[in-house]
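Q: I am new to this structure and would like a close look at a single part, the surroundings of the ligand. Please take me through that part slowly, in one connected account.

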Amino acid sequence: MTILLLNGPNLNLLGTRQTSVYGATTLSEIETLTRSHAEAAGYKLDALQSNHEGVLIDAIHSAKGKSQGIILNAGAYTHTSIALMDAISSVELPVIEVHLSNIHAREPFRHQSYIARVAVGQIAGFGPDSYILAVDALVAHLSEAAS
Ligand code: DQA
């Protein structure tokens with residue numbers, strides 16, 4: 001049983017990027033923390049980051065048949081990408097939308113999420129803990145769906 005952790009544009013710079021907004025934890029540290037938490041719940045974690053919308057779409061397509069669900073921080077594509085939204089609808093896998101920052105407390109253009117329309121739910125504002133909470137949310141969703 002596998003969870004796909006997908007991170008979008010600019011998240012490769014975590015640790016040095018706008019640390020007052022996004023904190024000092026690097027993406028590789030977040031992936032390690034998320035993987036340990038997923039493994040403790042009995043899931044393997046595949047992790048991918050890309051700055052390219054098409055690569056993220058391909059990864060969502062490839063998850064079908066390989067992963068039981070997806071944890072997605074689409075970065076700024078959250079607010080713009082109908083193509084990512086359609087990719088999620090096409091594969092019919094459960095997606096938990098994640099953000100380090102509380103997007104609803106920020107600029108108005110960040111309040112809109114195309115991902116939220118097709119996600120099981122959204123977790124935002126808890127820094128790296130958003131990813132841990134997303135694992136818990138996805139695992140709970142998957143076990144409810146299986147029962
Ligand atoms: C983000 C929030 C987005 O608005 C922003 O474009 C990001 C990061 C977050 O994790 O808080 O790149 O997704």
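**The ligand and its surroundings**

A: A good place to begin is His79, which has a polar side-chain atom 2.7 Å from an oxygen atom of the ligand. The model is a predicted one, and the distances given here are computed from it. The backbone takes part as well: a backbone N or O atom of Leu100 is found 2.8 Å from an oxygen atom of the ligand, and a polar backbone atom of Ala76 is 3.2 Å from an oxygen atom of the ligand. Of the 330 Å² that the ligand exposes when it is taken alone, the protein buries 99%. The space that the ligand takes up is the largest pocket.

Looking at the shell as a whole, the residues around the ligand are Arg17, Tyr22, Asn73, Gly75, Ala76, His79, His99, Leu100, Ser101, Ile103, Arg106 and Arg110. By character, this shell divides into four nonpolar residues, five polar ones and three charged ones. Among the residues around the ligand are Arg106 and Arg110, and following these two leads from the ligand to the salt bridges.

The side chain of Arg110 meets that of Glu107 in a salt bridge, with 2.7 Å from N to O. Arg106 also pairs with Glu107 through their side chains, and in this salt bridge the N to O distance is 3.8 Å. Through these shared partners, the salt bridges join Arg106, Glu107 and Arg110 into one network. In general, side chains of opposite charge can pair when their charged atoms come close.

The members of this network can also be described by how much of their area is accessible. Arg110 has a relative accessibility of 15% and counts as buried, because the limit for that class is under 20%. Glu107, with a relative accessibility of 31%, counts as partly exposed.

To set this part in its wider setting, a search of the whole structure finds three salt bridges. One of the salt bridges is formed by the side chains of Asp46 and Lys44, at 3.1 Å from N to O. Asp46 is partly exposed, its relative accessible area being 28%, and Lys44 is likewise partly exposed, with a relative accessible area of 47%.

Coming back to the ligand, the picture is one of polar atoms from the side chain of His79 and from the backbone of Leu100 and Ala76 facing ligand oxygen, while Arg106 and Arg110 belong both to the residues around the ligand and to the network that includes Glu107.

Note on methods
Residues numbered from 1 in each chain as written. Predicted model: local features only at pLDDT ≥ 70, side-chain atom pairs only at ≥ 80, totals over all residues. Heavy atoms only, no water. Salt bridge = Lys/Arg side-chain N within 4 Å of Asp/Glu carboxyl O. Buried < 20%, exposed > 50% of the residue type's maximum accessible area, 1.4 Å probe, protein only. Near = heavy atom within 4 Å. Polar contact = N/O pair within 3.5 Å; in protein donor to acceptor, adjacent residues only side chain to side chain. Areas by Shrake-Rupley, 256 points an atom, 1.4 Å probe, with all protein chains shown as cover. 1 Å grid on protein atoms, 1.4 Å probe; cavity = no way out; pocket = protein on both sides within 12 Å on 5 of 7 lines; lining within 4 Å. Sits in = over half its atoms within 2 Å of the grid points. Nonpolar A, V, L, I, M, F, W, Y, C, P; charged D, E, K, R; others polar.
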